[in-house]
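Here is a short tutorial in dialogue form. Keep the structure open while you read.

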Amino acid sequence: MTRSAAADLWWKNAVVYCLDVETYLDWDGDGIGDLRGVTERIDYLAGIGVSCLWLMPFYPSPNRDDGYDITDYYAVDPRLGTLGDFVVLLRTAKDRGMRVVIDLVINHTSDQHPWFKSARRSPRSPYRDYYVWRDEAPPTTPAADLVFPDAEDSIWTKDERSGQWYLHHFYRHQPDLNYANPAVRDEIQRIAGFWLELGVDGFRVDAVPFMVEDTDVGLDPHALFKDLRAFITRRRGDAVLLGEVNLPGKDLVRYFGDGPGDELQMLFGFPVMQATYLALVRKDARPLRAALEASPAAPRECQWARFLRNHDELTLDQLDDDERAEVFAAFGPDPGMQLFGRGLRRRLPPMLDGDQRRLRLAYSLLLSLPGTPVLYYGEEIGMGENLEIDGRMSVRTPMQWTDQRNGGFSPVPPSRLVRPAVDGRFGPMAVNVADQRGDQDSLLNWFERMIRRRRETAELGMGQLTLLDAGHDAVLAHRVDEGPVGIVLVHNLGDEPCLVTVELGETEGCELTDLLEVSGQPLGDGGRLELKLEAYGFRWFRLQPADLRSAP
Ligand code: NOJ
């Protein structure tokens, strides 16, 4: 395909990699990962084909929500380094052609932020109206609206000094900012402008829908994001906003905007992610197919971000109760593996009992559904979780670099680590970067090859999805078309080999190329593709006019 449009909309074909600085690599030897450590690993990341780094919050914070509780938006947590270290990281990433996006956590601050401290001191504080207050006792919060039901039973907390209640959709130590106040909107632009000026390429916007709920002042929710987007685009034409909006499809797409994508350019595809787990459990492609059918195409100037795992609980809140129970039973039967009644606190490899065929099938789907793949650190080597650690932290364990002490993450005694490493079958002794580098068949080397192929197949980021008929419930066949090129993808979610006939539609004058080099594949008569798929097997093909040039 022509690369000119893809270059402007770089995020449509990025391979995004999310990491938590404090658990990636401890360079100064204090037991805590740091920005210098991440900088040291930029070449590793560039080597596997990552083209965009997403850094979880690294700002000063009392760390009661792993940094999602910020006390200063213009600085770096001294445990992780300095602003100078941040700029070196940014500069190094850019030198290797890698973009950097950072978390923009602006639904709330920490209650230790100077704004909230001042607001709390007196109703006459200039910062009082930065937060959302009410005089009367609030109504009971419906259970479904509690994000952390283990810790909170209301989204309002009484401030004893003033007798008023303040809003907090998350923990009570994370008071929500008041977006009805123009001064707050101004502050947010100042913050985003600061980091853009330093050189970041965009933001992962935390907790998007919460920012515009319950303000009670008639604020047009979408005006806020339109303004933010317009501001960001004025400052940096190609900067991206990637929104965390876990809502059903029809509510979700509203955050793309109603102009030609005039709000958040990218949204995480939560409904499709959740359906993927149901499909994996059932070994049946139909739940995924149905979710893709129900998911509107992203507008041309927007994009779905595809993911299988992020740093939170693996939420299954959009499945119905029976479906969720099915996934729990298969992938997390022990109550200690579950969280908040709606999610799992495990990573994929242990859930799949380490079955490499199934793991690769799942990641092949991640890389080939139309959209931009987002990986969570450690997925490339098949890290597991540590269920001994509380709550969501079970999947935020130290990156496993070697089979040495602490997986090569840090030289300190294990008792001084910021968080314990994974133990056992998926821990560093068995799963680490160093060992996998030397093994051609390792997951790491497979990822490197697959990411290279994904990057060469830009149609997957730009094109239009068509679901194809393969005549088999376990098989998802889809096609992504951009201009004269169609990418054809066939995935067998079942545990039995099968023979399928995929109806490709119009193929006159076209040539079919096997993109994964499994073997050559002749194109059958009348646009039919006959294939034998192994259990959990998958194939990628390019279908294009015989005279068109393309990647080898
Ligand atoms: C969503 C983040 O992903 C999560 O980790 C955090 O606790 C909440 N937002 C609050 O910021």
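The turns below take up helices, burial, backbone angles, aromatic contacts and pockets.

Q: What kind of model is this, and how are residues numbered?
A: This is a predicted model, in which local features need pLDDT of at least 70, side-chain atom pairs count only at pLDDT 80 or more, and totals for chains, interfaces and linings use all residues. Residues are numbered from 1 along each chain as its sequence is written, and side-chain values use heavy atoms, with hydrogens and water left out.

Q: How do I read a helix, and what is the span of α9?
A: Helices (H or I, at least four residues) and strands (E, at least two) are DSSP runs, numbered from the N terminus. The expected span of a helix is 1.5 Å times one less than its number of residues. With 13 residues at 1.5 Å a residue, α9 should span 18 Å. Its end C-alpha atoms are 19 Å apart, which agrees.

Q: How many residues of α9 are buried?
A: Buried means under 20% relative accessible area, exposed over 50%, and partly exposed in between (1.4 Å probe, protein chains only). In α9, 11 of the 13 residues are buried, so the helix is largely enclosed by the rest of the structure. Among them are Phe 270, Met 273, Tyr 277 and Leu 280.

Q: What follows α9?
A: Lys 283 follows α9, and its phi is positive, near 55°.

Q: Where else is phi positive in a residue other than glycine?
A: Take Phe 340, with phi near 55°. Phe 340 sits in the loop between β12 (338–339) and β13 (343–344). Its relative accessible area is 19%, so Phe 340 is buried. Asn 406 is not a glycine either, and its phi is about 55°. Asn 406 belongs to the loop between β14 (372–376) and α14 (433–437). At 10% relative accessibility, Asn 406 counts as buried.

Q: Is Val 208, in the loop between β7 and α7, buried or exposed?
A: Val 208 has 0% relative accessibility, so Val 208 counts as buried. The loop runs between β7 (202–205) and α7 (221–235). From Val 208 to Ala 223 is 15 residues along the chain, and their C-alpha atoms are separated by 13 Å.

Q: How is an aromatic pair described, and how many are there?
A: A pair of aromatic rings is described by the distance of the centres and the angle of the planes. Rings of Phe, Tyr and Trp (its six-membered ring) pair if their centres lie within 6.5 Å; planes under 30 degrees apart count as stacked, over 60 as edge-to-face and the rest as tilted. The structure holds 35 aromatic pairs. In one of them, the ring centres of Tyr 24 and Trp 401 are 5.1 Å apart and the planes are at 80°, so the pair is edge-to-face.

Q: Which parts of the chain does the pair of Tyr 24 and Trp 401 link?
A: The pair links distant parts, 377 residues apart. Tyr 24 is in the loop between β1 (16–19) and α2 (35–40), and Trp 401 is in the loop between β14 and α14. Tyr 24 is buried at 0% relative accessibility, and Trp 401 is buried with a relative accessible area of 4%.

Q: Which residues form one aromatic cluster?
A: The cluster includes Phe 58, Tyr 73, Trp 115, Tyr 130 and Trp 195.

Q: Which rings have an arginine over the face?
A: A charge sits over a ring if NZ of Lys or CZ of Arg is within 6 Å of the ring centre and within 35 degrees of the ring normal. Arg 128 lies over the face of Trp 133, at 3.6 Å from the ring centre. Arg 347 lies over the face of Tyr 377, at 5.2 Å.

Q: How is empty space found, and what is the volume of the largest pocket?
A: Rolling a probe the size of a water molecule over the atoms shows where empty space is left. On a 1 Å grid over the protein atoms alone, a cavity is a set of points where a 1.4 Å probe fits but cannot get out, and a pocket is an open set with protein on both sides within 12 Å along at least five of seven lines; lining residues have an atom within 4 Å of a point. Grid points are joined across faces, edges and corners, and a volume is the space filled by probe spheres set on the points. The largest pocket holds about 960 Å³. Of its 47 lining residues, the closest to the centre are Val 147, Phe 170, Phe 210, Asp 317 and Arg 342.
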